[in-house]
Number of protein chains: 4
Amino acid sequence: MKSSPNSDGSPNSGSPSPPPRLPLVAEERVRYAETDQMGVAHHRHHFVWFEVGRTEFARRYGFPYLEIETRGLRLVVVEAACRYRRPLLYDDVVLIHAGLREVSARKIVFEYRLVKKADGELAATGHTVHVVTDARGRTSSLPEDILRLVKSAVTPA
Amino acid sequence: MKSSPNSDGSPNSGSPSPPPRLPLVAEERVRYAETDQMGVAHHRHHFVWFEVGRTEFARRYGFPYLEIETRGLRLVVVEAACRYRRPLLYDDVVLIHAGLREVSARKIVFEYRLVKKADGELAATGHTVHVVTDARGRTSSLPEDILRLVKSAVTPA
Amino acid sequence: MKSSPNSDGSPNSGSPSPPPRLPLVAEERVRYAETDQMGVAHHRHHFVWFEVGRTEFARRYGFPYLEIETRGLRLVVVEAACRYRRPLLYDDVVLIHAGLREVSARKIVFEYRLVKKADGELAATGHTVHVVTDARGRTSSLPEDILRLVKSAVTPA
Amino acid sequence: MKSSPNSDGSPNSGSPSPPPRLPLVAEERVRYAETDQMGVAHHRHHFVWFEVGRTEFARRYGFPYLEIETRGLRLVVVEAACRYRRPLLYDDVVLIHAGLREVSARKIVFEYRLVKKADGELAATGHTVHVVTDARGRTSSLPEDILRLVKSAVTPA
């Protein structure tokens, strides 16, 4: 992962090109419960912020995740990765940027950037890959109407 | 991990060779608190099992993490990734395998495999990358005695 | 707690008297990560919302918790209790009301009410008791200036 | 709750009588992820240990919670309380004692004691109250066979 800059699936990690323009979708404060004894947000919480990001992204683009579940579908996480650049501290405000990188009827790739609001510094980047299943976990695919909405929300590279 | 070779950046993924022989270091049951409304362990918890795995790995090989912290050092997570193969359910017993893939005085790479004890099926694989810092988060390096222990614990490929 | 309707400190539990006037201090959405396989927010998360509530309460009344820690003090939780009235579901917006019930230089009691924004229904009530310690966990007391601020923030019964 | 020693619902808090003899049902290590920046296990985790305790208690006494759920029932938490006596630190081994205090077809009360294995000191006590519901959250009651098992597991005072 270190020698090959693109190997984490993040299209531009290690690249000299400008950072991707991912929409700002949510703002969260680091809770005391999210810190660990190192005095920083524990690294598992970044995946929760990513999740908050895709919830808000989906709501904004017209396909709320709650509705997807109501229609009997699930977006199951099959891959998740994060690179940590700067620690996030208790009470820091975190800007959550999220974007859609790949969409098909069966698979969706989200990308994220977490930014410390106080100084605009990048705190973390990451991505998650999701497959579509039914409520019992069997492979399925997005219905045409949702797929159209999701496709229209793809973030330009 | 099998069809798409190196995309998780895990040094030996995609290889035709047999799966890595990572030592079994811990056994944990999925707690109710770790499930989500999809009825499976939420994907962030795998990173906690990885952490339990490296705690037990380090204890077994003679460099308990608690002692590293007592000596004023931290192993800060700078990268974490997981691939989810099979869902883990409430009350499942999870076998945590962990290994050391790369070691230098400043950086350590751990690798993990989570296996469902009941049927021996692989549930997840992943890795974490750590850098050595002092208690204030400034780059540091492992003292010679600890480095020797850590190096001797590297899991053969 | 069961025989005496008011014993959780919430003046109107089971009582015909009007609800206590606890200030609304924060608004949070239930995250997917906070649900469990019962399909509701897991009961431990209410204590995190309480914590968010006291963080925002303290900020609003001029004694941000971060500053208290910077001055070498901690407010250690010695007791926490919650009564759950209605389940909170994924994506529900939760209104967090918090108030100060008792204050001395060594001990503080917070009280909370969680309300489901969509229908105004009470979801949970609770309280936490905190003692003042120094950074090493030894009993301590609030300095005069902070104590004055905290006392002025006590919520009238 | 503060002035009256028994007000936390724990039958013997504040009492001069000997501590209740709750069976030891589980042993857990404090995970790094469970600490906060105060350097101790965050107070919400005690409720997870309580939950692990009742899972193991129920398994031991022949009514595994998984089976209760399979039969379409849920034990919903309607009240939870904890008193924190001593901090639990990273890597501490915690002995979880759990007992059943009250049982009826519709309601169950569990009680807990967390003990630090290294020195045998009491770290926390607490209780949870559960009501029986069906899978949709409607009030229900335990079937006769389960109720018999649960009743036979009541911990003598």
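What turn and what shift along the axis lay chain C on chain D? Some notes on that, and on how chain C meets chain A, follow.

1. To take the opening question straight away: a turn of 180° with a shift of 0.0 Å along the axis does it, and the RMSD comes out at 0.0 Å. Keep in mind that this is a predicted model. In chain C, C:Ala81 has the C-alpha nearest that axis, 2.0 Å from it.

2. The C and D copies meet through the same surface, because 90% of the interface residues of chain C are also interface residues in chain D.

3. Now for the other partner, chain A. Chain C goes onto chain A by a turn of 180° and a shift of 0.0 Å along the axis, with an RMSD of 0.0 Å. The two copies are therefore related as by a two-fold rotation axis. Here the same surface serves both copies, and 100% of the contact residues of chain C recur in chain A. If you want a residue to look at along this axis, try C:Glu28: among the residues of chain C, its C-alpha comes closest, at 4.7 Å.

4. How much is buried between chain C and chain A? The area is about 1,700 Å², and carbon and sulfur atoms give 46% of it. The contact draws 18 residues from chain C and 18 residues from chain A. On the chain C side, the residues that lose the most area to chain A are C:Arg31, C:Tyr32 and C:Tyr90, which together make up 36% of what that side buries.

5. There's plenty to click through on the charged side of things. Between chain C and chain A there are eight salt bridges by the rule used. One of them pairs A:Glu34 with C:Arg31, whose closest N and O atoms are 2.9 Å apart. That is the C:Arg31 already listed with those losing the most area to chain A. As for polar contacts between chain C and chain A, the count is 12 residue pairs, with both residues at pLDDT 80 or more.

6. Which elements of chain C give two or more residues to the side that touches chain A? They are β1 (24-29), α1 (45-60) and α2 (65-70). Of these, α1(C) gives the most, with seven residues. By residue type, the side of chain C that touches chain A has nine charged residues, eight nonpolar and one polar.

Terms used
Residues numbered from 1 in each chain as written. Chains lettered and ligands numbered in written order. Predicted model: local features only at pLDDT ≥ 70, side-chain atom pairs only at ≥ 80, totals over all residues. Heavy atoms only, no water. Least-squares fit on C-alpha atoms with pLDDT ≥ 70 in both. Contact = heavy atoms within 4.5 Å. Buried area = accessible area lost by both parts, 1.4 Å probe. Salt bridge = Lys/Arg side-chain N within 4 Å of Asp/Glu carboxyl O. Polar contact = N/O pair within 3.5 Å; in protein donor to acceptor, adjacent residues only side chain to side chain. Helix = DSSP H or I, 4+ residues; strand = E, 2+ residues; numbered from the N terminus. Nonpolar A, V, L, I, M, F, W, Y, C, P; charged D, E, K, R; others polar.
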